[in-house]
Every structure is written in C-alpha cells, then in structure tokens.
Amino acid sequence: MSAGHGWHSALLAAYRMRWKRRRLLWRGLQARHALRVIADRTDQRATDSILCLSTVRNECRRLPYFLTHYRRLGVGHFLFVDNGSTDDTQAFLAEQPDVSLWTTGASYKAARFGVDWLTWLQIRYGHGHWCLTADADELLVIPHMEHRGLADLTAWLDAQGVPAFGAMMLDMYPKGPVAEQTYTVGDDPAHTLNWFDGWGYTWERQLKYGNISIRGGPRQRLFFADCPDFAPHLHKVPLVRWSRRYAYASSTHIALPRRLNAVFDARSGMPTGIFLHTKFLDEIVDKSVTEKARGEHFTHAERYDEYYDRLSENPTLWHTESERYQGWQHMESLGLMTCGDWSG
C-alpha cells in the first residue's frame, strides 16, 4: 500500500467515525422525548461532582448497596432512568436526596439498551464532569480503594491529561447452584458471590475503535464454549471526563472519539479497575425466564435462548479452579487490573 493510499484510508476512517458519533448524539437528543422526570435534583450537584448514570428495571434489591458502594467511592450525584419497573425501584430512588430520576416505558432494545437515554443525560448534565456509567449489578473496584476514592483517581488522571478509565467486567458467582445462595437486601453482593474465574481470558487489539477486546469467564466457559464470538465482551470504559461531543458506540464497551478506548494499553502506564458483575444472585433463575420472553437484552435475541434456558435451570458456575475474591490486590496479582503509574 502506498503512503498516499494509507493516508487517504485513515482520513476516510476518521470521517466515518465523526459521522457515526454525530448520529449517536442525534439519537440521544431524540431520546429525550421518551423520558419523563420523576425527581430532578441536578441543581444540587457541585461543579466538581462525580456523576453516576444508570438505566434500571426492577432492581430494588440491589440498589441500597449500589448507592452505598458508590457514595463511599465518592459519587456526588446519581442520574437514573427507570425503564418500567414493576417493583419498588422507582419509589425507592425517588426518595434518595442525591438522586435525579427519569422514567420511560419505551423499548430498552430500541434505545440501544438504554444508551440513548443516558446519552441525553450526559449531554444535558454531564459536560465537564467525570461521569461513571454503571448497571445496577456492576460494582467498581479501583486500586488503593481502601484509602483512595474516585476524586483521587480522577484528579490524578486529570493531571496526566487522560480523559478515561477502563475496567474489566468480572463475573462473580457462588459456590453451588446460583439460586441456593440467599442474598439479603443491603448486604455487599460480593459476600454472596465471592468466586470468579481467574484465568482463561483473551485480550485482542481491535483497530477499528482502538480498543482491546476482552472475553472469557464463566459465561464463555459454560454457555458459549462452542461459539466464543457470542460470549459477552468484558472490556469497558465506564469512567470518562465527559464532553457533550462524546458518545458510547456499544454500551460502555466502546466510546467515541476512539482515543477514549486506549484505557487497557499497558504501555501508557494507566491504572485500570474491575467491575464486579453481580448478575448471578439468587434471583437470576426467575429473571432469566422473564428476560427471555421480553427479548430486550441482545441485538440478536434468538442466539441467546439456550443461554437463558440454562440459567433458568439453576446452574453451578463454580469449579475446582475458581478463585475466591480477596480484594483489589488479589485482582492485580492475577493481572486482571493494574495500578499502572498511580501510586495512590
């Protein structure tokens, strides 16, 4: 390939990325019409508040600890979109003094799995803030968290001129059948789901978006061994110094502009974290039946019918090589996260 042709190809790729980002931002602007405000306390957020954004549905059991965890880490304000909950999720969130809440009955799948709704909130309220985007079953673990929080981490990232922080999603599970481990509301889910796969992950650099794709864990091991390309992606860019010109292209796995995706490049010396994924609480069996029928969680929902069927059978994810969770230092020793150059 000639130098001229290579330059032209790079220019064309950059042009396409800009237009893709603009289309995603336009979707977010349009998505605002689907949202109805329940409690707007955004005027209470400080100019330096770290914001947490999340789309939820029927998560009243998880939310008390979710809020405790992120308040302890240093989140200053939460922005939630409730997607038609039928439990006490909406009532619980509406009572929280540091929560702003919107609701919608629109399709989660048609809104790019809630990303379009959150894009609008990021445009409207997130510009200039560090924004953490997390599902209700995702608990962020960062280096030095026993004595440092998100304010310390983001101050260090700002000093380095780094606008984003990456975290690998780690599936947590109990020892024994998943539905036989009782969870008490308000407890740390990692006390119930205290095992994980410490090995077997693939890291693959992908040129299109400049990211590193991570796959593996118990879902690939048990449910997608014959079709690993269907296994969930585990790389995420959940924490970003937000600009109204930014957008997520694929959940929080991929962000635009593409420079935001360089978070797992070990050459940069940047720290990374872990999202403890607490999906496999005792409720997972009943939820799998419901979500299979709704068909709202995957682009090609039919590919995941067997996955939902097997989850509804109360499987055991634990095996003899499972690792017991012992904190962030253990994660670092296994190479699943790193302090990078951040001394804490």
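**Briefing: salt bridges, cores and backbone oddities**

Searching the whole structure turns up 15 salt bridges. Bear in mind that this is a predicted model. Below is a quick tour of the charged pairs, the nonpolar packing, one covered strand and a few backbone spots worth a look.

**Charged pairs around Asp116**
- Arg27 and Asp116 make a salt bridge, with their closest N and O atoms 2.7 Å apart.
- That pair ties together parts of the chain 89 residues apart in sequence, because Arg27 sits in helix 1 and Asp116 in helix 4.
- The two ends sit in different surroundings: Arg27 is partly exposed at 35% relative accessible area, whereas Asp116 is buried at 4%.
- Asp116 also forms a salt bridge with Arg112, where the closest N and O atoms are 2.8 Å apart.
- In this second pairing, both Arg112 and Asp116 are buried.

**The Arg62 network**
- Arg62 and Glu283 meet through their side chains in a salt bridge, at 3.4 Å from N to O.
- This one links distant parts of the chain, 221 residues apart: Arg62 is in the loop between strand 2 and helix 2, and Glu283 is in the loop between strand 14 and helix 8 (284–294).
- Arg62 and Glu283 are both buried.
- They also belong to a network of salt bridges that links Glu59, Arg61, Arg62, Asp282, Glu283 and Lys287.

**Nonpolar cores**
- The largest nonpolar core has 90 residues, and the members touching the most others are Phe66, Tyr70, Phe80, Leu121, Leu140, Leu150 and Leu170.
- Helix 4 (residues 115–126) supplies the largest share of this core, with 7 residues.
- There's also a second, separate core of 13 residues, including Val178, Phe223, Ala231 and Val285.
- Back in the largest core, take Tyr70: leaving aside residues up to four places away in sequence, Tyr70 touches Val75, Phe78, Leu132, Ala134, Glu138, Leu139, Leu140 and Phe275.

**Strand 6, covered on both sides**
- Three of those Tyr70 contacts, Glu138, Leu139 and Leu140, are also named in strand 6 (residues 138–141).
- In a regular strand, side chains alternate between the two faces of the sheet.
- Here both faces are covered: Glu138 and Leu140 on one side, and Leu139 and Val141 on the other, are all buried.
- Strand 6 runs antiparallel to strand 14, and 4 bridges join the two.
- Glu138 has His277 as its bridge partner in strand 14.

**A nonpolar patch on the surface**
- Leu12, Tyr15 and Trp19 make a nonpolar surface patch of about 290 Å².
- Tyr15 belongs to helix 1 (residues 3–31) and is partly exposed, with a relative accessible area of 44%.

**Backbone oddities**
- As background, most residues other than glycine have a negative phi, and most peptide bonds are trans.
- Asn58 isn't a glycine, yet has a positive phi of about 50°.
- You'll find Asn58 in the loop between strand 2 (51–56) and helix 2 (63–73), where it counts as partly exposed at 21% relative accessibility.
- Phe113 isn't a glycine either, and its phi is positive at about 60°.
- Phe113 lies in the loop between strand 4 (99–103) and helix 4 and is partly exposed, with a relative accessible area of 26%.
- The peptide bond from Leu256 to Pro257 is cis, with omega near 10°.
- Pro257 is placed in the loop between strand 13 (254–256) and strand 14 (272–277).

Key:
Residues are numbered from 1 along each chain as its sequence is written. This is a predicted model: local features need pLDDT of at least 70, side-chain atom pairs count only at pLDDT 80 or more; totals for chains, interfaces and linings use all residues. Side-chain values use heavy atoms; hydrogens and water are left out. A nonpolar core is a set of buried Ala, Val, Leu, Ile, Met, Phe, Trp, Tyr and Cys residues joined through side-chain atoms within 4.5 Å. Buried means under 20% relative accessible area, exposed over 50%, partly exposed in between (1.4 Å probe, protein chains only). Helices (H or I, at least four residues) and strands (E, at least two) are DSSP runs, numbered from the N terminus. Contact means heavy atoms within 4.5 Å. Patches are made of residues with over 30% relative accessible area and no salt bridge: like charges are joined within 9 Å, nonpolar side chains (Val, Leu, Ile, Met, Phe, Trp, Tyr) within 5 Å. Accessible areas come from the Shrake-Rupley method with a 1.4 Å probe; for residues, only the protein chains shown count as cover. A salt bridge is a side-chain nitrogen of Lys or Arg within 4 Å of a carboxyl oxygen of Asp or Glu. Two strands pair if DSSP finds at least two bridges between them.
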